[in-house]
Amino acid sequence: MGSFPDKHWREPAVAPFTTQGEKEKKMKKIEAIIKPFKLDDVKEALSAIGIKGMTLSEVKGYGRQKGHKEVYRGAEYQVDFIPKVKLELIVDAAQVDEIVECIRRAALTGKIGDGKIFVMPIEEVVRVRTGEKGSNAI
Amino acid sequence: MINAGDTAFVLAAAGLVLLMTPGLALFYGGMVRSKNVLGTFMQSLVMISVISVEWVLMGYSMSFGPDVGGLTGNLSWFALNTVGSAPSPTYATTIPQNAFMIYQCMFAIITPALITGAIAERIRFSSFIVFSLLWTILVYNPVCHWVWGSGGWLAARGVLDFAGGLVVHLTSGAAALAAVMVMGPRYNHGKRNFAPHNLPMTIIGTALLWFGWFGFNAGSALAANGIAATAFISTHLAGMTGMAMWIIMESLHGGKPTTLGAASGAVAGLATITPAAGFVGPIAAMTIGIIAGFVCYSAVNLKEKIGLDDSLDVVGIHGVGGIIGTICLGIFASKTVNAGGADGLLAGNASFLGTQIFGVLVVGLYAFVVSWILLKIINGTMGLRVNKEDEISGLDQSQHNETAYNN
């Protein structure tokens with residue numbers, strides 16, 4: 001084995017990771033935790049502005065709303081984790097503000113427990129069927 | 001002389017009373033956590049096997065056989081010796097004696113099954129079998145003889161119990177109290193969530209219990225006659241007002257009317273009317289149901305304050321129901337309803353009320369003390385509780401190697 005780096009080795013012109021880093025800024029993930037009964041409203045509002053896909057999970061949790069109380073034959077139980085729905089969408093960074101506001105308006109009841117929306121960067125997206133990457137795969 | 005109508009009625013009633021035991025399994029099973037539902041079912045179901053064998057071999061003879069000093073029947077009817085299809089000269093004289101025997105067998109089965117609600121989610125299956133068998137021999141059979149057996153000493157003093165307020169509900173309630181005291185609370189009781197895992201199951205159980213209760217109470221007339229109809233109606237009316245009163249109490253108490261409350265109130269009303277069913281009229285029955293809803297609701301709430309883990313409220317509903325039903329019989333009984341019964345306080349006969357209270361004290365104390373001693377002995381030898389690890393993983397896994405819900 002020759003020594004490393006040997007004389008044939010040179011630094012790549014552009015580091016692959018940096019290329020990914022450029023893309024990352026162009027895609028965002030939106031996670032919205034909302035009240036379950038608002039799901040239909042939110043989904044319709046998103047369809048209306050052209051959102052083509054999302055991932056949905058039934059989750060449990062609590063925030064400022066805390067949980068609620070249940071009473072069985074006089075015995076009170078504090079139920080800390082209450083059912084919520086979590087939506088996950090991967091979108092172009094340019095659309096983020098519009099989508100977040102769309103979700104917020106559709107999920108709003110004005111009462112405590114309406115939920116939260118998180119936005120975070122995405123490094124890469126790959127469509128399994130075709131192998132397309134980045135914005136084309138969204 | 002065998003009467004075909006009476007025989008058909010009592011045999012059908014026996015089938016109805018048997019149905020109450022799986023009904024009870026559903027009633028209790030829905031109230032425990034999902035990891036204990038099969039263990040809870042099993043505790044009721046297995047009584048059908050264990051107690052039927054005990055009853056045929058010796059229980060029937062101890063309860064209804066030839067009297068020994070008013071305290072017990074002797075064992076001369078061991079293994080149903082001489083008990084055949086000819087009518088008994090003393091009990092239910094219009095039906096075959098073996099029909100009477102199998103009808104009474106169903107009562108002996110459900111009584112120890114009732115106790116399981118108090119010790120739910122923590123008893124070892126093997127210890128439970130030993131306890132139930134010995135308890136039936138030492139508590140159920142003697143008390144059954146005292147109250148219903150020919151020559152029984154409480155019956156001789158005039159104590160009345162139409163269908164089992166003393167024999168079934170008070171004995172099981174007193175044993176439940178002893179069991180809760182000896183075994184202690186479930187692990188993490190009062191800290192974690194012990195909410196029922198399937199209330200629809202509990203409602204189905206309530207429906208089957210209510211249906212079977214017509215066999216339990218109306219069948220206790222032991223003939224297809226007017227007293228059976230009176231008992232049938234009293235049973236229904238008390239169950240109905242018990243349910244109404246319980247949910248009214250919940251609402252007045254600052255809560256919401258709950259399905260578990262409706263089910264509990266119905267069972268409280270049905271348990272409370274049991275000793276009085278064939279001896280009181282419809283208005284008295286409705287009043288007794290209202291009293292049951294009020295008192296049993298209060299008793300169940302009091303439990304939370306005392307801190308006893310009577311998990312599914314056997315003491316508060318069956319024990320208290322048996323007591324107030326037997327005492328209410330002393331108040332509301334009327335010979336105009338049933339000439340074979342008695343006149344109570346409202347009919348001007350205060351001494352009958354005293355007799356009923358005496359019956360409650362004797363049966364309650366006896367059942368509590370013997371159960372407590374029996375539980376202490378089993379706890380010291382076999383151990384009553386599963387270990388902590390098994391309790392956390394649940395009875396279904398640890399006692400039966402099964403899981404109720406697989407998806």
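**Exercise 1.** What span should the 19 residues of helix α11 (residues 314-332) of chain B have at 1.5 Å a residue, and how far apart are its end C-alpha atoms?

This is a predicted model, in which local features need pLDDT of at least 70, side-chain atom pairs count only at pLDDT 80 or more, and totals for chains, interfaces and linings use all residues. Residues are numbered from 1 along each chain as its sequence is written, chains are lettered from A in the order in which they are written, and side-chain values use heavy atoms, without hydrogens and water.

*Solution.*
- Helices are DSSP runs of H or I with at least four residues, numbered from the N terminus.
- The expected span is 1.5 Å times one less than the number of residues.
- For α11(B) this gives 27 Å; the end C-alpha atoms are 25 Å apart, which agrees.

**Exercise 2.** Locate the kink in α11(B) and give its angle.

*Solution.*
- The bend at a residue is the angle between axes fitted to the seven residues ending there and the seven starting there.
- In α11(B) the kink is about 25° and is centred on G321(B).
- As for burial (under 20% relative accessible area, 1.4 Å probe, protein chains only; exposed is over 50%, partly exposed in between), 16 of the 19 residues of α11(B) are buried.

**Exercise 3.** Determine whether K303(B) is buried or exposed, and list its contacts.

*Solution.*
- K303(B) lies in helix α10 (residues 282-306) of chain B.
- Its relative accessibility is 13%, so K303(B) counts as buried.
- Contact means heavy atoms within 4.5 Å.
- Leaving out residues up to four places away in sequence, K303(B) touches L308(B), D310(B), S311(B) and D313(B).

**Exercise 4.** Describe the largest cavity and its lining.

*Solution.*
- On a 1 Å grid over the protein atoms alone, a cavity is a set of points where a 1.4 Å probe fits but cannot get out; lining residues have an atom within 4 Å of a point.
- Grid points are joined across faces, edges and corners, and a volume is the space filled by probe spheres set on the points.
- One cavity of 30 Å³ or more is counted, and the largest has a volume of about 70 Å³.
- Its lining includes M20(B), F27(B), H169(B), W213(B) and H318(B).
- Helices α1 (4-29), α3 (97-115), α6 (165-183) and α7 (199-217) of chain B each supply at least two lining residues.

**Exercise 5.** State how α3(B) is covered, and which pocket lining it contributes to.

*Solution.*
- In α3(B), 17 of the 19 residues are buried, so this helix is largely enclosed by the rest of the structure.
- A pocket is an open set with protein on both sides within 12 Å along at least five of seven lines.
- The largest pocket has a volume of about 510 Å³.
- Among its 23 lining residues, the closest to its centre are W148(B), D161(B), F162(B), S220(B) and L222(B).
- α3(B) gives the most to this lining, with four residues.
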